[in-house]
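Before reading this report, please look over the sequence and the 3D structure together. The sections below are meant to be read with both in view.

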Amino acid sequence: MSVETQKQRQPETAAPVAPAIELIGVSKSFGPVQANKDIDMTVAKGAIHGIVGENGAGKSTLMSILYGFYKADAGEIKIDGVTIEITDSHAAIAAGIGMVHQHFMLVKPFTVLENVIMGAEGGPLLRPSLNKARKILAELAVEYELDVDPDAIVGELSVGFQQRVEILKALYREADILILDEPTGVLTPAEADHLFRILQNLKEQGKTIVLITHKLREIMAVTDTVSVMRRGQMTATVKTSETSASELADLMVGRHVTLEVEKNPPNVGETVLEVKNLCKTDGQGVKKLKDISLQLKAGEILGVAGVAGNGQSDLLEILSGINSATSGEVLMRGESIDLTHKASAAMRRERGIGHVPEDRHALGLVMPFQTWENAVLGYHNNPEFSGKFGLADHKAMMEDAKRKIEKFDIRPTNPHLLAMNYSGGNQQKIVIAREIENNPDVLLVGQPTRGVDIGAIEFIHKQIVALRDQGKAVLLISVELEEVLALSDRIIVMFDGVIQGERMPKETNEQELGMLMAGIDPEASA
Amino acid sequence: MDFNTILQLFDSAVRLSTPLLLACLAGLYSERSGIFDIGLEGKMLAGAFAAGAMSAYAGMPVTEGGLGMTWGMAWMGALAAVAVSIVLALIHGFASITLRGNQLISGVAINFFAAGSTVLIGQYWFQSGGQTPPLRGAQRFEAITLPFAKTLEGVPILGPTYHDLISGHNALVYMALLAVPLTWWLLFRTRFGLRLRAVGESPEAVDTAGISVVRQRYVAVLIAGVLCGLAGAYLSLGTSAAGFVKDMSAGKGFIALAALIFAKWQPKSALFACLLFGFLEAIGNRYQSIDLGAFVVPVQFMQALPYILTVVILAGFIGKAIPPAAGGEPYVKER
């Protein structure tokens, strides 16, 4: 570079501070799929920057490139104004980048200390590194509200604490840039609030934070700037203060979507499904359900809120006939249903109980099956699908599948496509189409929009509301509090196998439900 | 049962448990890193043959085409055993780490390969039904008399214990026993051990910490190779067999695996588990049949004892043994 050009450029380089992260033209494809297309992104030093986008928009791929998990096909990465090559995680750590993965990268049987030092031991013997880490962890705990018992076994900590260990790992490696991938997916609202306080603290100490999430509320609450990704491209970068959740949602989907669920007041009828004193003790002797009683009425959506693992899944499994109960009774229109191990999902369906399982990959679909097969699964013995000589009526099934594909806007529209080749949202639509179209009196729905993109969420919510408006009863189990609040006509909160409280959505809020989810009764403690 | 008999039983137990212990520790390194190794048996057998053949060759007079060595032949044999065992370990490593193949199948293949090739090559080289020529003197690992063993022999209880039980074993026995605290120290007190344990529990955590999963696992497999080689060398050069005999590992690799599960992948427990198996074998060897008055326990039952215990252990009668979480699964980076 000649002296002259250097002079010319000087004002530029001397300009305030170089951005913490600068991506220029980053591209990455996996075979024919272009996951990232010519991405430009700038994150200022000391900012909290959000990245939003639907599943498969390329957020995680982009961050994996930044953390050295993948190598970009093209493009340039600058950290603090200096171009660097990030060949592997080791290089990323050396460049001061730390990452908190969605699925924690922790060794469960190890202590917190051991997890923190791994990969940054500093010497062949453990003792000095452990002692050093103990000291640093104590300092970090004070500085950032990050206290964790250094000798606790990580596998025995709650997810909120495990996440803190992940953050501590990054800080111990002196990361200046912290990337968090969907950090609140597994947290209670209170834990999430604590996390955001930690992030604010980190920001005040000059750390740069990149927050990847699909929860727009969080973006609005904590970020300074936000980038929107859609189909592998960065479609917009805006200041958070100058945008709104609904604008971001439109940018993510590429068309206008409504975040609010529009619904009329419920027309509640008589009790359809009644659960009395249901108890479940699992094979390890753990009491999963403790004396659960509830009533589900025609024409209402009863939402079950709770942090994952507090008995909701067990309730769903028993009601849907997948699992047996230890004691208790369930009445369907006044007649008791079989809760022993002899019960089956098919028997429930005969009684008019449809089921959209929580885990569509494991329980909802046969992934290597074609759509038309998945669309009749479990209902394949229905009279309308029985042909001559007791054989399946292939033609009827195919027509049925085509009808469902059209009605539920399942894309691509090919009934011969394998379930595994659809996006999460369209897979879920196949399951929901199958269950709703069989016209159940009671529909049990577990995590209807887990891993589903915003556009499809809107559609699925509308379908559930439409079913309720037909006078059917819906039991909705979801760990997404927003979803429970938006859809339900009545909400119960489960904690540790008991119903911790019941609220009407209009008379409650996320804070109150959050406390119930954590096992605290706000009325009792007040 | 008098004191001397008990001493002899324990002494015999130590000898019999040595190959088990070496193989068990080999399995411990491998499985702690997440690589299941049912090829311990095969590596041991191939090692035993390599040791026997090399020791015989080294001690053979130059006129008969040998090396004509007069000392250190046993160590040459051990070296050959380790080398052969490492080669097999690396094949297992290549199949299961690099190619991400099925670890059980790779292990089974190694067992079959060792069982067949040792006899075939043995017959081709030595023409005696797959056996190596009988080995004597420095071709074998000779007993080491520890200092003061003779002087202290007269002291009651302690003297004979020191002289008969503690002293008078060969170098490999002491190496195996020393390997236990060494392994414990490596595993729980060093950076290497931390990473080794981590890679068997959560390879993705190791990867994101900037450590190579592949390298860590290869090192573990390599150590397993060395230890299996020594176990094999002990079989052909350290026992009364005095040479390689067809199928001489006789399921010891599998018993070592059972001991490893019994010990819940802990070095110290591995020592006791192997001693227990060795002790049962010693009883089986010494008491051909036991007259219980009402009936006579047949000799076959006594000899089957270690194997019966193996089945009992593997059937889960020892409480829950939790193996390394990532054991048996190849690591595929994905996101």
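The report goes from the model as a whole to chain A, then to the contact between the chains, and finally to two helices of chain B.

## The model and its confidence

This structure is a predicted model, and its scores are an ipTM of 0.87 and a pTM of 0.78. For chain B the average pLDDT is 90, and 98% of the residues score at least 70.

## Chain A as a whole

Chain A contains 19 helices and 20 strands. Its radius of gyration is 26 Å, which is close to the 24 Å given by the globule rule for 526 residues, so chain A is as compact as a globular protein of that length. Measured out along its principal axes, the C-alpha trace of chain A spans about 90 × 50 × 45 Å.

Of the 526 residues in chain A, 45% are buried. Among the contacts in chain A with a separation of 6 or more, 68% join residues that are 24 or more positions apart.

## Where the two chains touch

The contact between the chains draws 23 residues from chain A and 19 residues from chain B. On the side of chain A that touches chain B, the helices α2 (59-66), α3 (89-94) and α5 (126-144) each supply at least two residues, and the largest share, three residues, comes from α3(A). Sorted by class, this side of chain A has 11 nonpolar, seven polar and five charged residues.

## Helix α7 of chain B

Helix α7 of chain B covers residues 171-189, and at 1.5 Å a residue its 19 residues should span 27 Å; the C-alpha atoms at its ends are 26 Å apart, which agrees. The helix nevertheless has a kink of about 25° at A179(B), shortly before the proline P181(B).

Which residues of α7(B) are buried? They are L172(B), V173(B), A176(B), A179(B), V180(B) and T183(B), so A179(B), where the kink lies, is one of the buried residues. An α-helix has 3.6 residues a turn, so residues three or four places apart point the same way. The buried residues of α7(B) pack against α1 (3-32), α10 (213-237) and α12 (267-286) of chain B.

## A residue in helix α13 of chain B

A304(B) is found in helix α13 of chain B, which runs over residues 299-314. Is A304(B) buried or partly exposed? It has 15 other C-beta atoms within 10 Å, and because a buried residue needs 20 or more and an exposed one has 12 or fewer, A304(B) counts as partly exposed. The C-alpha atoms of A304(B) and E281(B) are separated by 8.4 Å, although the two residues are 23 residues apart along the chain.

Methods: Residues are numbered from 1 along each chain as its sequence is written. Chains are lettered from A and ligands numbered from 1 in the order in which they are written. This is a predicted model: local features need pLDDT of at least 70, side-chain atom pairs count only at pLDDT 80 or more; totals for chains, interfaces and linings use all residues. Two residues are in contact if their C-beta atoms, placed from the backbone, lie within 7 Å. Helices (H or I, at least four residues) and strands (E, at least two) are DSSP runs, numbered from the N terminus. Ala, Val, Leu, Ile, Met, Phe, Trp, Tyr, Cys and Pro count as nonpolar, Asp, Glu, Lys and Arg as charged, and the others, Gly among them, as polar. The expected span of a helix is 1.5 Å times one less than its number of residues. The bend at a residue is the angle between axes fitted to the seven residues ending there and the seven starting there. pLDDT is the predictor's confidence in each residue, from 0 to 100. The radius of gyration is taken over C-alpha atoms; the globule rule is 2.2 Å times the number of residues to the power 0.38.
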